[in-house]
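Please find below some comments on the model, set out for a colleague who will want to check each point against the coordinates.

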Amino acid sequence: PQTKSLSVWAGMHKVIPGIGIPIVNVETFQKCMPDVCLLTAWNYADSIVSQHPDYHGKWLVPLPEVGYV
């Protein structure tokens, strides 16, 4: 199946250097609801995830080990 992309919603025109993953604000994230969200603030994962109970996609964290929360 095709996954949703934030690229059309990125409005902020900021991306992760070298890989082009868009960095978006909360409002944009809530509009798009991607299938997978890269959570680079891994040490705040519990707090961030609890603030988005309506999000049913996967949260991908790169550290301390790559995986889903």
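The points below take up confidence, the sheet, the core and two backbone details.

1. This is a predicted model, and the protein chain averages a pLDDT of 82, with 81% of the residues scoring at least 70. Residues 5-11 call for caution, since pLDDT stays under 50 there, although the model has 14 contacts beyond four places in sequence for that stretch. Where pLDDT is low, the predicted coordinates should not be read in detail.

2. The open sheet is formed by three strands in the order 3-4-5, with mixed pairing. Strand 3 (36-38) and strand 5 (67-68) are at the edges with a single partner strand each, so one side of each has no neighbour in the sheet. Strand 4 (residues 58-61) and strand 5 run antiparallel and are joined by two bridges; Val61 stands opposite Gly67 in strand 5.

3. Seven residues make up the largest nonpolar core, namely Phe29, Cys37, Leu39, Ala45, Tyr55, Trp59 and Val61. Once neighbours within four places in sequence are set aside, the contacts of Phe29 include Cys37, Tyr55 and Trp59, and also Val24, Pro34 and His52.

4. In the loop between strand 4 and strand 5 lies Pro64, and the peptide bond that leads to Pro64 from Leu63 is cis, with omega near -5 degrees.

5. Met33 deserves a second look: this residue is not a glycine, yet has a positive phi of about 45 degrees. Met33 is placed in the loop between helix 1 (26-32) and strand 3, and is partly exposed, with a relative accessible area of 24%.

Notes: Residues numbered from 1 in each chain as written. Predicted model: local features only at pLDDT ≥ 70, side-chain atom pairs only at ≥ 80, totals over all residues. Heavy atoms only, no water. pLDDT = per-residue confidence, 0-100. Contact = heavy atoms within 4.5 Å. Pairing = 2+ DSSP bridges. Helix = DSSP H or I, 4+ residues; strand = E, 2+ residues; numbered from the N terminus. Core = buried A, V, L, I, M, F, W, Y, C linked by side-chain atoms within 4.5 Å. Buried < 20%, exposed > 50% of the residue type's maximum accessible area, 1.4 Å probe, protein only.
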